[in-house]
Amino acid sequence: AMSVHPCAVTLEFLKRLPVKGIIVVLYVVADLAVNWHLRDDPPLRDRCSPDYPEFSESLDNPLMTSDGSVEDDFGRIFPPGQFWTEGGIVYGCPCSGEKPCIRKCCKEDQAYNHNYSCVEVDYGFTDLLEVYRVGDDEVEEVNVTEDHFSVLASECRLPYRLPAPHTLKYLYPMEDGIVLNILFGSTFDHSMYCAETFAEGTAEGESEVFIVLCQATPDEMEFNNRRLWQRNLVFYVLRVVSATVNLVTLAVFCLLPQLRSGCGKSIMCYLIARIYCSLDDAINTTKLLPTSEHSRNFCLVASPLTLFSTLSTRAWQLLIAYQIWTAFRPGSSRAKGPPGKEFLVYSAVAWGTPLAVVLFALVADQVPVAPEFLTPKFAEHQCWFNSNNAHLFYYTVPYYVVELLVIALCVATLLQLRASRLGSEALQGADSRRHNTKDIQWSRLYARTALAMGVNYALLPLAVLLNRYYPLSRFINISILNIDDIRGAEILLIFVLKQETMTQLAQRLTWLTCCRPSQSSTTAVPLSPL
């Protein structure tokens, strides 16, 4: 018997590998691994360990109870999991319970003197708390009970203090323990502040609660800067990869006329819009601030362009899903692409509708009597919408309506393809099977496309829905968003990375770079009309 060379066996094995599936799995694994490394700290209630000393306080005279809990001299009880021990000292974690937590600089029966030293006082800290919430675009005071908060006594490691008795008057504690900056709308979580009073009173002569902001230590600043750099690197790499993949796919569609049949032209338009979106994300247009006349003029152009490109990608997604669905709707025996005039209609809808929306928004921005939800206020504070209601009307609602329609069309297509394939396989005659072979091949290609589109486009609405009712961690959110960031890659995997396509591409490149081959060498393997 003849021996088989190991290299031949290896090559044969590699040919049988599902390369596309491996690419998808590798990307998902890499996405999860990178975001796991870049994940945020756990929720506040889970930060009860020596890794988070700022969220615990040493307990005086702790008493171990029969059920394994610890009681301190203030009568507070810390069940297992809400305290830890190190060096013989017991540390309790008031923020790990069910109540909202507020961080206090000194112990519960102490306050600052004007030297910022903790001294004994005879009044209760929570009695002086004024708690607020953000209502209908305004900050309003909330009446809470005296025991509404669990109090964590933990001073900032590097506090930012004004000369006593002056305080920062624009920082308000809210009912969840987060501090609100009413000047800029920013918030500070429990790692970024501690609240306290002056025993001798403030500059206004009152013993009121004020906020001390925590500054990052040099180690924390180095870590935060490194983490920010890593996250930015992932962000920009994904945008560059997305634009490159879509550009390569677009180039292949331009080179091969076979790919431009059917919905191929629609796919090309979609890729063009996606490329612009990726480049727009890379320069972070919507985060720019119109601080000068030049930057404001730039924002007045860039903001509508961003809206147009985003809505255009969604419109072309919907039209591609519609074309695939109509190719196999009941009564259609084979996938036929739309005629040229029909593609012009699709183009008018996919490009014209977003353009009309953008023009309407621009006109509404210039009309003083236009309702607030119609005025996007482009370039007022940032290069994007500066009105939440207008953002909802022009962007959020169309975005998710189209996403849901795409998902519905993809599901309908898969059901129709399943029925079509079962009907084709039921034909017993060999001639009939040969006649329907191409229809079955088209069905499989369309099925992969519909499945990839449906799964990919369902991820983002699913993440938003889950985050609305069951808040997710940044790890899960960003992982899903990173998969969504490379939309268009499924076109490369399904339509370009095929043996027939690669063969035709090689022949086309040979014809372009050298000379036109003989007729026999240019015979292309026919592709499914798309």
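A polar contact here is a pair of N or O atoms within 3.5 Å. With that in hand, welcome to these close-ups of a predicted model.

**View 1. Asn 113 and its link to the backbone of Asn 115.**
Asn 113 sits in the loop that runs between strand E8 (110-112) and strand E9 (118-120). Its side chain reaches the backbone nitrogen of Asn 115 at 2.9 Å. Because its relative accessibility is 15%, Asn 113 counts as buried. If you set aside neighbours within four places in sequence, the residues in contact with Asn 113 are Val 119, Phe 198 and Glu 200.

**View 2. Glu 196, a buried residue of strand E17.**
You will find Glu 196 in strand E17, and with a relative accessible area of 0% it is buried. Two polar partners deserve a look. The side chains of Glu 196 and Lys 104 are joined by a polar contact of 3.0 Å, and a polar atom of the Glu 196 side chain lies 2.8 Å from the backbone nitrogen of Cys 106. Beyond four places in sequence, Glu 196 touches a list of residues including Cys 105, Gln 110, Phe 125 and Val 209. To place Ser 207 in the same view, note that Glu 196 and Ser 207 are eleven residues apart in sequence, with their C-alpha atoms 9.6 Å apart in space.

**View 3. Thr 197 and its polar contact with Tyr 123.**
Thr 197 belongs to the loop between strand E17 (193-196) and strand E18 (210-214). Since its relative accessibility is 1%, Thr 197 counts as buried. A polar contact of 2.7 Å connects the side chain of Thr 197 with that of Tyr 123. Tyr 123 is also one of the residues that Thr 197 touches when those up to four places away in sequence are not counted; Ala 111, Leu 128 and Glu 208 are among the others.

**View 4. The largest nonpolar core and the helices that build it.**
This core has 26 residues, and those with the most contacts inside it are Val 252, Phe 253, Ile 267, Trp 316 and Phe 495. Two or more residues each come from helix H3 (218-255), helix H4 (264-282), helix H5 (293-327), helix H6 (340-366) and helix H10 (489-496). H4 gives the largest share, six residues. Another core, of 15 residues, lies apart from this one and has Phe 149, Leu 171, Ala 195 and Leu 213 among its members. As a general backdrop, nonpolar side chains in soluble globular proteins tend to be buried together.

**View 5. Helix H10, mostly covered.**
Eight of the eight residues of H10 are buried. Among them are Ala 489, Glu 490, Leu 492 and Val 496. Phe 495, also on the list of buried H10 residues, is one of those with the most contacts inside the largest nonpolar core.

**View 6. A nonpolar patch on the surface.**
Val 134, Val 139, Ile 182, Leu 183 and Phe 184 form this patch, and together they have about 500 Å² of accessible area. Val 134 is found in strand E10 (residues 131-134). With a relative accessible area of 49%, Val 134 is partly exposed.

**View 7. Asp 41 in the loop after helix H2.**
The loop that holds Asp 41 lies between helix H2 (19-37) and strand E1 (57-58). Asp 41 is partly exposed, its relative accessible area being 48%. Not counting neighbours within four places in sequence, Asp 41 is in contact with Arg 47 and Tyr 52. From Asp 41 to Tyr 52 the C-alpha to C-alpha distance is 9.8 Å, and the two are eleven residues apart in sequence.

Terms used
Residues are numbered from 1 along each chain as its sequence is written. This is a predicted model: local features need pLDDT of at least 70, side-chain atom pairs count only at pLDDT 80 or more; totals for chains, interfaces and linings use all residues. Side-chain values use heavy atoms; hydrogens and water are left out. Patches are made of residues with over 30% relative accessible area and no salt bridge: like charges are joined within 9 Å, nonpolar side chains (Val, Leu, Ile, Met, Phe, Trp, Tyr) within 5 Å. Accessible areas come from the Shrake-Rupley method with a 1.4 Å probe; for residues, only the protein chains shown count as cover. A salt bridge is a side-chain nitrogen of Lys or Arg within 4 Å of a carboxyl oxygen of Asp or Glu. Helices (H or I, at least four residues) and strands (E, at least two) are DSSP runs, numbered from the N terminus. Buried means under 20% relative accessible area, exposed over 50%, partly exposed in between (1.4 Å probe, protein chains only). A polar contact is a pair of N or O atoms within 3.5 Å; within protein, one must be able to donate a hydrogen and the other to accept it, and residues adjacent in sequence count only if both atoms are side-chain atoms. Contact means heavy atoms within 4.5 Å. A nonpolar core is a set of buried Ala, Val, Leu, Ile, Met, Phe, Trp, Tyr and Cys residues joined through side-chain atoms within 4.5 Å.
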